[in-house]
Amino acid sequence: MYDDNNIFARILRGEIPCKKVYEDDHTLAFEDINPEAPVHTLVIPKGKYTSLKDFAAKASDGEIGALVRAVNKVAELKGVKDSGFRILSNAGADAHQTVEHLHIHVFGGRVLGPMLVKK
Ligand code: AMP
């Protein structure tokens, strides 16, 4: 169930400010408020999708294509397209998703190290 008052829904409605990086008809990209790398930008669809699971099931091909292209555009705009970058999307409890509106993290600007901390 999508919560219309989640923080990214409020950013999309302009109720909370963001540092915008990129926008098109279907997507918005903005700086993460608590960056974990020199480049840490979030790319979100404008539609109401809680996670990738929801997006894959319900979004149009146009929305899905726009999100993928926006991620690549953000890497270009942030200057990490050639140096390298990582994308990540947390979905659900085990992944520690904290905002229930699909978002793709784009990290870069330094050597990012291994993908996950080994336990
Ligand atoms: P996740 O843990 O994958 O759900 O990531 C949620 C991300 O949203 C975290 O990296 C937060 O720092 C980020 N975040 C939360 N509130 C805001 C906000 N108002 N503006 C930008 N980023 C935010």
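## A strand with two faces

Let's start in the middle of things, with strand β3. Val39, Thr41, Val43 and Pro45 point one way from this strand, while His40, Leu42 and Ile44 point the other way, and every one of these residues is buried. That back-and-forth pattern has a simple background: in a regular strand, side chains alternate between the two faces of the sheet. Keep in mind as you look around that this is a predicted model.

How many of the seven residues of β3 are buried? Seven of the seven, across residues 39-45, so the strand is largely enclosed by the rest of the structure.

## Who sits beside β3?

On to the partners of β3. Strand β2, made of residues 27-31, runs antiparallel to β3, and five bridges join the two. If you want a spot to look for in this pairing, try alanine 29, which stands opposite valine 43 in β3.

Strand β5, residues 104-108, also pairs with β3 in the antiparallel sense, again over five bridges. Here you can look for histidine 40, which stands opposite phenylalanine 107 in β5.

## Stepping back to the whole chain

Now zoom out. The protein chain has three helices and five strands, and if you read along the sequence, they come in the pattern α-β-β-β-α-α-β-β. The radius of gyration is 14 Å, close to the 14 Å that the globule rule gives for 119 residues, so the chain is as compact as a globular protein of that length. Taken along the principal axes, the C-alpha atoms fill a box of roughly 35 × 35 × 30 Å.

What about inside and outside? Of the 119 residues, 36% count as buried. The chain exposes about 7,600 Å², and carbon and sulfur atoms supply 54% of that area. If you take the contacts with a separation of 6 or more, 54% of them are between residues 24 or more positions apart. As for charge, there are 16 positive and 16 negative side chains, and the centres of the two sets lie 4 Å apart.

## Three residues to click on

First up is threonine 27, which has its place in strand β2. Is threonine 27 buried or exposed? Its relative accessible area is 0%, so threonine 27 is buried. Leaving aside neighbours within four places in sequence, threonine 27 is in contact with Tyr22, Ile44, Pro45, Lys46, Ala66, Leu67 and Ala70. Two names there should ring a bell: Ile44 and Pro45 turned up among the buried residues of β3.

Next, isoleucine 7 lies in helix α1, which covers residues 7-12. Isoleucine 7 has a relative accessible area of 40%, so this residue counts as partly exposed. Once neighbours within four places in sequence are set aside, isoleucine 7 is in contact with Ile16 and Val99. You can also try a distance here: the C-alpha atoms of isoleucine 7 and alanine 59 are separated by 20 Å, and the two residues are 52 residues apart along the chain.

Last comes histidine 96, in the loop between β4 (85-88) and β5. With 60% relative accessibility, histidine 96 counts as exposed. What is the phi of histidine 96? The angle is positive, about 65°, although histidine 96 is not a glycine.

Key
Residues numbered from 1 in each chain as written. Predicted model: local features only at pLDDT ≥ 70, side-chain atom pairs only at ≥ 80, totals over all residues. Heavy atoms only, no water. Buried < 20%, exposed > 50% of the residue type's maximum accessible area, 1.4 Å probe, protein only. Helix = DSSP H or I, 4+ residues; strand = E, 2+ residues; numbered from the N terminus. Pairing = 2+ DSSP bridges. Rg over C-alpha atoms; globule rule 2.2 N^0.38 Å. Contact = heavy atoms within 4.5 Å. Areas by Shrake-Rupley, 256 points an atom, 1.4 Å probe, with all protein chains shown as cover. Lys, Arg positive; Asp, Glu negative; His and termini not counted. Charge placed at Lys NZ, Arg CZ, Asp CG, Glu CD.
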